[in-house]
Amino acid sequence: MLSLEISSFYMATSHQSSCKELHASSALSQFIGARLLLEAAVAIACIFNAFLIVRRLHWQCPLTPWEAGMVVDGWRALHGVPTYAADHATNMYGPLTNISSGLLFRLTGVNNYTLRLFELACYCGAAIIVAFAVVPRGWRVISFAILAMTNIRTGSYWVMSNPDGAALLFIAAFVILAYKNRTILASCALIVAVLFKQPSVAVAVIPIAAALPRPRLRDFVPIMAVGATLVVLPFASPLVFYYMFTVPRGTGYQWYRFAKAPVDLLVALPILLVAFTGWKPSWSKPEQWLVSAMVISFIACTTMSARGGSGLNSYMMFVFAALAFCCYRLPFLSGTLRVFSLSVLLTAFAYISMPIGASGEHQGDSSYSSVIAYVRSLPGKIVCPEDPTIPLYAKGYAGTSVNMEMDETRQYAHLPPRVRNEVNTADWVLTSDSLFAGKWLPETDLIEMGFYRVDANTLRGSSYKLWRRQDALHLHY
């Protein structure tokens, strides 16, 4: 009898052990299957993202008239010609935008690709830094790919020449350094970010918010350092301060966007909703910092997006912070990885026409290089305020950008004074039908100034038009 009981006990124990092993094996199989599904979803999102990046990167002509102006300002910086001057309007970003452009062109020569590639490298650098900071080994490649979807959700912006990427890289460095109590280095990184793009100043509040309700004195050091920089700036360089702060203030708010822009954005981020599912805040230090980064950047980005002329890139900081939180939650989502995989695809392909359309935007057309060659053969002075890269490459002339001049003067109906002065000294004017943001050279102004349209064979079928001054008939071409 005793032996029978012992035998029964061992059989029962063996059965329980076998059930546990089967259950563990089943759970492991389910996790592996869910992980493979996630990797497949991320791979699909990456392929779509890469398509957008390559498509936007490859255009020969400038993507926007502002990019054309930035290339010209980089040329000026490279050749020691002031980019901040009374006779020249520059971009509304920080001075490091033009300084870095000049340094990059010293290495590569002046072209339309270098600034795009530089910004792309900065974005990728920021994503690598954050991926290594927020998730353990084994999740970092997936996290990098998820963070890279910021490009999709902000209108294929990662290869634009605008300094958002450089600012984001130094913002990421600032947050990591401040988190590790490297206060001085963090403050330096933040100052650099602000001198690339001024709204970066908002992230100075993150260390304070993350330390509530008892912030330390050193949590205030970054915001004091940036504050001191901005106090000194108008005395050190009034023109830099003017273009960084005075000119942008001239753009009013579109008040409906305070409600519409956040809704449009959040609807396109189902991945964030899934990341919040089942989240039981422990308010550990990483969670405090991630949540603070999302809240602060959401407020700042919503304010920026409501300004007239703002685009989806205004939400760059928030989207990046939100996706960083999603990556942080990845190791805790083993039970919902399949749903998370679906949310990755929904996030990547939400409003699908928007990123595809944005990746195809460019200023000019495929005849860009032949137009440059044709302009090089023309005698006399030619200007092209809508795309000053053409006379730059053709004749080494760094002219005005009508878009930057209109941004500075707020004069849209007619030619701004400096553009008018430039056109008055020209023998030829090149215009383009590729309009952007409603800013261009009014043809009626050109006619009133004594120009008439020239029907040039090289320009037929293109978006470019050539205008000749009436009193320049002595010129031969």
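The paragraphs below lead through a predicted model of a protein chain, beginning with its overall build and then turning to its pockets, its cavities and a patch on its surface.

The chain has 22 helices and 4 strands, and along its principal axes its C-alpha trace spans about 125 × 55 × 45 Å. Of the 477 residues in the chain, 53% are buried. With this outline in mind, we can look at the spaces that open among the residues.

The largest pocket holds about 1,400 Å³ of space. It is lined by 46 residues, and those closest to its centre are Y93, G309, S310, G311 and N313. Several helices take part in this lining, since α2 (65–78), α11 (238–246), α14 (285–305), α17 (353–359) and α20 (402–409) each supply at least two residues. Among the contributors, α14 gives the most to the lining of the largest pocket, with 3 residues. By class, the lining of this pocket is made up of 23 nonpolar, 15 polar and 8 charged residues.

The second largest pocket has a volume of about 480 Å³, and 22 residues line it, with V130, V134, V175, I176 and L290 lying nearest its centre. Here α4 (114–134), α7, α14 and α15 each supply at least two residues of the lining, and α7 gives the most, with 6 residues. What is the character of the residues in the lining of the second largest pocket, divided into nonpolar, polar and charged? They divide into 20 nonpolar residues, 1 polar residue and 1 charged residue.

We turn next to the cavities. A search of the whole structure finds 4 cavities of 30 Å³ or more, and in the largest of them lies about 120 Å³ of space. The residues that line the largest cavity are D164, A167, L168, I171, K197, P199, S200, M304, N313, S314, M316 and M317. Which helices each supply at least two residues of this lining? They are α7 (164–179) and α15 (316–329), and α7 gives the most to the lining of the largest cavity, with 4 residues. By class, the residues around the largest cavity divide into 7 nonpolar, 3 polar and 2 charged. A careful reader may also notice N313, which is listed in the lining of the largest cavity and also among the residues closest to the centre of the largest pocket.

The second largest cavity has a volume of about 60 Å³. Its lining consists of A178, N181, T183, A186, P207, R216, R218, D219, P222 and W289, and these residues divide into 5 nonpolar, 2 polar and 3 charged.

The last stop is on the surface, where V205, L217, F220, I223 and M224 form a nonpolar patch with about 430 Å² of accessible area together. One member of the patch, F220, lies in the loop between α9 (206–210) and α10 (221–236). Is F220 to be called buried, exposed or partly exposed, and what is its relative accessible area? F220 has a relative accessible area of 30%, and it is therefore counted as partly exposed, because that class lies between buried, which means under 20%, and exposed, which means over 50%.

Conventions: Residues numbered from 1 in each chain as written. Predicted model: local features only at pLDDT ≥ 70, side-chain atom pairs only at ≥ 80, totals over all residues. Heavy atoms only, no water. 1 Å grid on protein atoms, 1.4 Å probe; cavity = no way out; pocket = protein on both sides within 12 Å on 5 of 7 lines; lining within 4 Å. Points joined across faces, edges and corners; volume = space filled by probe spheres on them. Nonpolar A, V, L, I, M, F, W, Y, C, P; charged D, E, K, R; others polar. Patch = residues over 30% accessible without salt bridge, like charges linked within 9 Å, V, L, I, M, F, W, Y side chains within 5 Å. Areas by Shrake-Rupley, 256 points an atom, 1.4 Å probe, with all protein chains shown as cover. Salt bridge = Lys/Arg side-chain N within 4 Å of Asp/Glu carboxyl O. Buried < 20%, exposed > 50% of the residue type's maximum accessible area, 1.4 Å probe, protein only.
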